[in-house]
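The following paragraphs lead through one molecular model, moving from individual residues to helices and then to an internal cavity. Please keep the sequence and the coordinates at hand while reading.

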Amino acid sequence: MNSTLFLSTFAAYVGFLIALSWWVTRRHQGGEDFLLAGRSLPIFLTIGTTVATMVGTGSSMGAVGFGYANGWAGALYGLGGAIGILLLAAWFAPAREYRFMTMSEELSFYVGANRLVKNIVAVLIFLACIGWLGAHILGGGLYLAWIAGMDLDVARTVVALSFAIYVIVGGYRAVVWTDTLQAIVLFGGFILMAALAVHAAGGWSALLAAQPEANVATLARESIGGLPALSLVLVIAVGVLATPSFRQRIYSARSVGSVRRSFVISGTLYLFFSLVPAIIGMGAYALNPELDNRNFAFPFLAVEVLPVGVGLVVLIAGLSATMSSASSDAMAGVAVLMRDLWMMVTGRMPSRARVVRDSRITLVVVIGSAWLMASLSDDLIGYITGMISTLMAGMFACGLLGRFWPRYNWQGALASLLGGALASVWVMTSFMTFWGNPVIPAVITAMGAGVLVSLMTRPQALTPTQALARLDRERERMEAGVES
């Protein structure tokens with residue numbers, strides 16, 4: 001494919017997203033509108049932005065590459081994501097009633113609105129958002145490096161700038177509208193690519209016959225092992241349940257019922273979609289089993305195998321997956337910075353008059369930091385799963401125990417956060433071959449430490465009503481910018 005043709009088409013596509021962002025957000029009302037779209041998203045936008053965020057870098061380039069190397073195991077990523085979003089609907093949709101702005105608010109609410117827990121979680125969430133962003137920039141950069149013959153660093157920069165502009169222009173409302181458009185593009189593009197990959201491989205029977213025998217067993221458990229397969233499903237499910245960008249969908253929806261319905265629909269769609277990346281990866285393997293880097297499987301099909309017009313569509317779909325997820329994580333990082341970290345550092349909330357301007361400045365900082373982090377790795381799935389286990393196992397435990405166990409307290413929350421991180425690091429240094437990734441030991445340790453320390457210390461002093469009132473007072477200070 002002519003790289004000039006692709007880059008011209010991509011530039012036109014990004015230009016349209018920027019214009020759409022400006023159009024839908026030309027009447028911003030203030031900070032909450034910029035950060036949460038006024039908490040009034042209809043169900044179709046919540047579905048669109050949720051689906052687009054779920055079909056992100058990991059479930060596009062990462063899962064296709066995993067399917068190239070491990071056959072049906074490429075579906076494990078989507079299976080874990082579907083389980084995660086369906087559990088999120090069942091367990092955490094009621095959080096919409098409390099008008100939280102960030103996940104750190106929510107987790108601190110469960111333990112008496114403890115400020116130390118809120119601050120620590122805010123730092124972890126900020127790091128997690130930068131980590132997710134780094135993964136998206138890395139994935140998109142790998143696309144462009146292959147397609148356009150760019151230097152990888154230049155390609156990462158182009159990807160980061162592409163979504164940064166429309167997010168900075170329009171904020172969260174722009175994100176959900178552009179996500180919805182990109183969900184249509186990427187869903188159609190991926191399904192079309194899977195069908196054409198099967199055709200190019202000589203049909204379904206020929207595609208399966210070309211795979212190593214271990215790769216076509218049930219979910220390729222013989223290829224990667226039963227425990228590593230289970231770990232991959234669980235690490236993605238935990239990632240969804242503890243990822244702040246999905247919590248933003250809850251906080252910004254019109255109602256509990258709206259967000260629950262949208263998550264159930266999104267999870268069901270994603271469950272069916274989970275097989276698509278595996279099929280694409282196996283198609284690429286059938287056509288070329290000797291790629292130097294498995295993460296090039298998707299762009300290899302688009303550039304070398306598909307007709308030019310179709311290749312353009314699916315390549316734009318792949319980059320849509322990267323940009324839609326990246327924009328959501330960027331906004332989640334900025335929300336926690338403006339709501340929680342600003343107060344932690346300065347002792348006051350930013351005033352309403354400055355929130356939009358300062359949010360745009362911090363978006364530059366967040367995306368720039370992620371761009372730097374993306375230069376540290378070229379293993380997409382390893383990057384994502386290691387980051388999830390280390391930063392999010394403890395947050396998952398805090399959310400689950402806090403939501404369902406009233407005896408959980410702030411000391412237990414700190415123990416969960418520390419225990420999950422330490423267990424993850426320990427497994428990554430010594431037992432990765434056995435476990436596949438650290439999520440199972442990390443979650444078990446985080447849950448156990450949280451329960452044990454909570455039982456050894458006093459129950460929290462504030463009732464849920466008192467804890468919510470404390471958080472409401474802090475949030476109201478954003479309107480006045482007064483000291484805490």
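S266 is placed in helix α13, which covers residues 256-273. In this predicted model, the relative accessible area of S266 is 1%, so S266 counts as buried, the limit being under 20%. The side chain of S266 comes to 2.7 Å from the backbone oxygen of S262. Beyond residues up to four places away in sequence, S266 touches I47, T50, V51 and M54.

A second residue to examine is T49, which belongs to helix α3 (residues 43-54). Its relative accessible area is 0%, and T49 is therefore buried. The side chain of T49 is joined to that of D179 by a polar contact of 2.7 Å. D179 also appears among the residues that T49 touches, which are V176, D179, T180, R249 and S328 when residues up to four places away in sequence are not counted.

The path along the chain continues with the loop between α5 (76-92) and α6, where R99 lies. R99 has a phi near 60 degrees, a positive value in a residue other than glycine. With a relative accessible area of 39%, R99 is partly exposed. A113 is found in the loop between α6 and α7. A113 likewise has a positive phi, of about 55 degrees, although it is not a glycine. Is A113 buried or exposed? A113 is buried, because its relative accessible area is 1% and the limit for buried is under 20%.

Helix α7 comes next, and its N-terminal end is capped by N114: a side-chain oxygen of N114 lies 3.1 Å from the backbone nitrogen of L116. The helix comprises residues 115-147. From its first C-alpha to its last, α7 reaches 48 Å with 33 residues, close to the 48 Å expected at 1.5 Å a residue. Most of α7 is covered, with 27 of its 33 residues buried. Just after α7, G149 takes a positive phi of about 70 degrees.

Within α7, V121 offers a view of the surroundings of the helix. V121 has a relative accessible area of 0% and is therefore buried. Apart from neighbours within four places in sequence, V121 is in contact with S104, L107, M395 and L417. Along the chain, V121 and G412 are 291 residues apart, while their C-alpha atoms are separated by 13 Å.

Helix α16 can be approached through V334, which is placed in it. V334 is buried, since its relative accessible area is 0%. Its contacts, leaving aside neighbours within four places in sequence, are L35, S359, T362, L363 and V366. From C-alpha to C-alpha, V334 and C129 are 9.0 Å apart in space, with their positions 205 residues apart in sequence.

The helix α14 allows a check of length against residue count. Its 13 residues, 275-287, should span 18 Å at 1.5 Å a residue, because the expected span is 1.5 Å times one less than the number of residues. The end C-alpha atoms of α14 are 19 Å apart, which agrees with that expectation. α14 is mostly covered, as ten of its 13 residues are buried. These buried residues are V276, P277, A278, I279, I280, G281, M282, G283, A284 and Y285.

The last topic is the space inside the model. How many cavities of 30 Å³ or more does a search of the whole structure find? The search finds two. The second largest cavity holds about 60 Å³ of space. Its lining consists of M101, T102, M103, S104, I125, P244, Q248, Y251, A332, A335 and V336. The elements that give two or more residues to this lining are α6 (103-109), α12 (244-252) and α16 (308-346). By character, the lining of the second largest cavity divides into eight nonpolar residues, three polar residues and no charged residues. One of the lining residues, S104, is also among the contacts of V121, which ties the cavity to the description of α7 given above.

Note on methods:
Residues numbered from 1 in each chain as written. Predicted model: local features only at pLDDT ≥ 70, side-chain atom pairs only at ≥ 80, totals over all residues. Heavy atoms only, no water. Helix = DSSP H or I, 4+ residues; strand = E, 2+ residues; numbered from the N terminus. Buried < 20%, exposed > 50% of the residue type's maximum accessible area, 1.4 Å probe, protein only. Polar contact = N/O pair within 3.5 Å; in protein donor to acceptor, adjacent residues only side chain to side chain. Contact = heavy atoms within 4.5 Å. 1 Å grid on protein atoms, 1.4 Å probe; cavity = no way out; pocket = protein on both sides within 12 Å on 5 of 7 lines; lining within 4 Å. Points joined across faces, edges and corners; volume = space filled by probe spheres on them. Nonpolar A, V, L, I, M, F, W, Y, C, P; charged D, E, K, R; others polar.
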